[in-house]
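Please open the model in a viewer and keep the sequence panel at hand. The stops below are meant to be taken in order, each with a selection to make.

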Amino acid sequence: MSEPIIQVENLSKRYQIKHQSGERYTALRDVLARKVKNLFSSATSGHQNSTSEDFWALKDVSFQVNQGDVVGIIGRNGAGKSTLLKILSRITAPTEGRITLGGRVASLLEVGTGFHPELTGRENIFLNGAILGMTKAEIRSKFDEIVEFAAVEKFLDTPVKRYSSGMYVRLAFAVAAHLEPEILVVDEVLAVGDAQFQKKCLGRMSAVAQGGKTVLFVSHNMAAIQSLCTRAIYLDRGVIRQTGPIGDVLKVYMANIQNNGAGSSGDSMNLGPGLKIRDLTIAEGGVVSGEGTSFRIVLQVLRPMTIQQSALLIFCEAGTRVAMLDLRSVGVENLPVTEGTLAVEGSIATVPLIEGDYRVGMWLATDQYYGNYLDLTSFHVSGRSLSSDFIPLPASERGYVEMPFQAMLTQTGNP
């Protein structure tokens, strides 16, 4: 039996969230006036309108990973996956607990971490390699392999600020993957690359694992997790819900999504500062058995903002996006909203999906932040197969269907 290369004991991470009341925004004159006022008042007077609370991103997390294991870390947005990887990568320190690492760690947590935009691709390979712990001789010996893997030969002497996001992530992954560490940590960055590059990355991680190295892989793509990983850790709200063989953990995770999505749990879910989702339902009862179905989205707005764009994203059980509902068609585009609720209710005439289970997420962009929020709820399509008379709508060039629908948008103030 192989020795543990990662040991995590009672690991917890606490953040302090501050809430400022009474001001929608702060201008420069307000900051200057407050500074002057604080000179003639107590040290705490400048914080009279602010409150804070503790948020535990991780709480009492304990597990161990043996050398050569390929471990998938799964869970919803906000479950604590990225925080765990940042602690393992020594980017941030835990509040409580300890970790023991038995080898060199290479991590790819964000696109282009450690890259300097003014430097060329060639220069950034040496810079990023040095940051990751490679010697100059190591980088030179692997330089041609890195460039070939990233497929950026033509742009090698171009500043990376001119690279596309796909070129950025290809080069970043290529450097990290050729470090040949004892432990490779990869967060959900492969979603930036195209399908061919994702396949190449998974192949590289598989080769690293077969060489006896340890891989920790965070992804919402269940097909990638299932094909690459042998074990999994399921995180939920900072706590480990299940750990073990990949098949057993995925069953628990998918069952939890099915039973406790945003459309069925009754709980609000944070989409970002000042916005929560109170209800998200596709098909009453969670089953689509006819050609069409109804849907409902109810958002709780806690402070004024502008919703620039939003869409519902539909993924198959393997994690591939197969359909989308673009909410711009009902007025959710550069839409000012105030405190209260925002609801979109309507019907989808044709659901172009064959029988199976589907997961629902949301893309949201406001004037203050943007993000993808996955695994918000789920539904089941019943009684359809590829050999039936049911004809799916044609997919767009992006590989998924934009489903036509009719809906009404309503806004109400707080009661």
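A residue is called buried when its relative accessible area is under 20%, and exposed when that value is over 50%, with partly exposed in between. The model on display is a predicted one.

**First stop: Asp326**

Select Asp326, a residue of strand β15 (residues 321–326). Is Asp326 buried or exposed? Its relative accessible area is 18%, and because the cut-off for buried is under 20%, Asp326 counts as buried. Now display its surroundings: with neighbours within four places in sequence set aside, Asp326 is in contact with Ser310, Ala311 and Phe405. Add Trp363 to the selection; this residue is 37 residues from Asp326 along the chain, and the two C-alpha atoms are separated by 9.4 Å.

**Second stop: the cavities**

Turn next to the enclosed spaces. How many cavities of 30 Å³ or more does the structure hold? There are two. The largest contains about 70 Å³ of space. To find it, select Ile297, Leu299, Ile307, Ser310, Leu327, Val332, Leu342, Val344, Met362 and Leu364, which form its lining. Two or more lining residues come from each of β13 (293–301), β14 (305–316), β17 (340–348) and β18 (356–366). Coloured by class, this lining shows nine nonpolar residues, one polar residue and no charged ones. Ser310, seen here in the lining, is also one of the contacts of Asp326.

For the second largest cavity, with a volume of about 30 Å³, select Ile282, Val288, Thr293, Ile314, Ile348, Val351, Leu353, Phe379 and Met403. The residues around this cavity comprise eight nonpolar, one polar and no charged.

**Third stop: the nonpolar cores**

Select Ile74, Ile125, Leu171, Phe173, Met205, Val215 and Phe217. These are the residues with the most contacts inside the largest nonpolar core, which has 50 residues. Which element supplies the largest share of this core? That element is α5, with ten residues. Separate from this core is another of 40 residues, including Leu275, Val351, Leu364 and Phe405. Of these, Leu364 also lines the largest cavity, Val351 lines the second largest, and Phe405 touches Asp326.

Return to Ile74 and show its contacts. Beyond residues up to four places away in sequence, Ile74 touches Lys81, Ser219, Met222, Ile225, Ile233, Tyr234, Leu235, Val249, Leu250 and Tyr253.

**Fourth stop: helix α3**

Select residues 121–131, which make up helix α3; buried here are Gly121, Asn124, Ile125, Asn128 and Gly129. Look down the helix axis: the buried residues fall within an arc of 130°, so they line one face of α3. The spacing fits a general rule: an α-helix has 3.6 residues a turn, so residues three or four places apart point the same way. Among the elements covering the buried residues of α3 are α4 (136–150) and α5 (165–177). Move past the end of the helix to Gly133, which follows α3 and has a positive phi, near 105°.

**Fifth stop: Asp187 and Thr214**

Select Asp187, in the loop between β6 (183–186) and α6 (195–210). With 7% relative accessibility, Asp187 is buried. Its contacts, leaving out neighbours within four places in sequence, are Ser82, Leu85, Leu108, Leu109 and Val218. Measuring in the viewer from Asp187 to Phe217 gives a C-alpha separation of 6.1 Å for residues 30 apart along the chain.

Thr214 comes next, in strand β7 (residues 214–218). Thr214 is buried as well, at a relative accessible area of 0%. Apart from neighbours within four places in sequence, Thr214 is in contact with Ile5, Val65, Asn66, Gln67, Gly68, Asp69, Glu182, Ile183 and Leu184.

**Last stop: positive phi outside glycine**

Select Asp60 in strand β2 (residues 50–66). Asp60 is not a glycine, yet its phi is positive, about 55°. Its relative accessibility of 47% makes Asp60 partly exposed.

Finish at Arg237, in the loop between β8 (231–236) and β9 (239–245). Arg237 likewise has a positive phi of about 55° without being a glycine. Is Arg237 buried or exposed? At 61% relative accessibility, Arg237 is exposed.

Notes: Residues are numbered from 1 along each chain as its sequence is written. This is a predicted model: local features need pLDDT of at least 70, side-chain atom pairs count only at pLDDT 80 or more; totals for chains, interfaces and linings use all residues. Side-chain values use heavy atoms; hydrogens and water are left out. Buried means under 20% relative accessible area, exposed over 50%, partly exposed in between (1.4 Å probe, protein chains only). Helices (H or I, at least four residues) and strands (E, at least two) are DSSP runs, numbered from the N terminus. The arc is that of the directions from the helix axis to the C-beta atoms. Contact means heavy atoms within 4.5 Å. On a 1 Å grid over the protein atoms alone, a cavity is a set of points where a 1.4 Å probe fits but cannot get out, and a pocket is an open set with protein on both sides within 12 Å along at least five of seven lines; lining residues have an atom within 4 Å of a point. Grid points are joined across faces, edges and corners, and a volume is the space filled by probe spheres set on the points. Ala, Val, Leu, Ile, Met, Phe, Trp, Tyr, Cys and Pro count as nonpolar, Asp, Glu, Lys and Arg as charged, and the others, Gly among them, as polar. A nonpolar core is a set of buried Ala, Val, Leu, Ile, Met, Phe, Trp, Tyr and Cys residues joined through side-chain atoms within 4.5 Å.
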